Amino acid sequence: MASIQLTLPDDLTEQAAEFGLLDSSAIADLLRAEIRRRAFDDLLSVADKLAALNLPPMSEQEIQAEIDAVRAAHTMN
């Protein structure tokens with residue numbers, strides 16, 4: 001387990017302490033929530049970029065062919 005030291009403004013430290021946010025488990029929860037939020041934002045950003053490409057939808061057969069190709073490549077490695 002890692003140990004970190006933070007330097008924060010006094011008013012923020014006081015407010016965080018009042019809300020019980022300065023213990024390790026609370027900070028870990030806050031960090032995990034922010035990591036999930038940023039990962040979701042990144043996913044949405046990629047989805048927006050894909051939608052902007054305006055590509056035609058794939059048929060079920062094309063999708064299955066892609067799945068089969070990935071599976072075949074996986075079994076070769």
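The exercises below, with worked solutions, concern salt bridges and a nonpolar surface patch in a predicted model.

**Exercise 1**

Find how many salt bridges the whole structure holds, and work through the one formed by Asp29.

Solution.
Step 1. A search of the whole structure gives four salt bridges.
Step 2. Asp29 pairs with Arg32, and their closest N and O atoms are 3.9 Å apart. The cut-off for a salt bridge is within 4 Å, so a separation of 3.9 Å is accepted.
Step 3. Locate the pair in the fold. Asp29 and Arg32 belong to helix 2, which covers residues 24-52, and they are three residues apart, so about one helical turn separates them.
Step 4. Classify Asp29. Its relative accessibility is 48%, and Asp29 therefore counts as partly exposed.

**Exercise 2**

Describe the salt bridge between Glu34 and Arg38, and state whether each residue is buried, partly exposed or exposed.

Solution.
Step 1. The closest N and O atoms of Glu34 and Arg38 are 2.7 Å apart.
Step 2. Both residues lie in helix 2 with a spacing of four residues, about one turn of the helix.
Step 3. Glu34 has a relative accessibility of 27% and is partly exposed. Arg38 has a relative accessible area of 51%, so Arg38 is exposed. The cut-off that decides the case of Arg38 is over 50%.

**Exercise 3**

Identify the salt-bridge partner of Arg37, and determine which residues are joined into one network.

Solution.
Step 1. The side chain of Arg37 meets that of Asp41 in a salt bridge, at 2.7 Å from N to O.
Step 2. Arg37 and Asp41 are four residues apart in helix 2, so about one helical turn lies between them.
Step 3. Arg37, at 41% relative accessibility, counts as partly exposed. Asp41, at 35%, also counts as partly exposed.
Step 4. Through salt bridges that share partners, Glu34, Arg37, Arg38 and Asp41 form one network.
Step 5. As a general point, side chains of opposite charge can pair when their charged atoms come close.

**Exercise 4**

List the residues of the nonpolar surface patch, then place Leu12 in the structure and classify its exposure.

Solution.
Step 1. The patch is made by Ile4, Leu6, Leu8, Leu12 and Leu22, and has an area of about 470 Å².
Step 2. Leu12 sits in helix 1, residues 10-18.
Step 3. With a relative accessible area of 40%, Leu12 is partly exposed. Patch residues need over 30% relative accessible area, and Leu12 therefore passes that cut-off.

Key. Residues numbered from 1 in each chain as written. Predicted model: local features only at pLDDT ≥ 70, side-chain atom pairs only at ≥ 80, totals over all residues. Heavy atoms only, no water. Helix = DSSP H or I, 4+ residues; strand = E, 2+ residues; numbered from the N terminus. Buried < 20%, exposed > 50% of the residue type's maximum accessible area, 1.4 Å probe, protein only. Patch = residues over 30% accessible without salt bridge, like charges linked within 9 Å, V, L, I, M, F, W, Y side chains within 5 Å. Areas by Shrake-Rupley, 256 points an atom, 1.4 Å probe, with all protein chains shown as cover.
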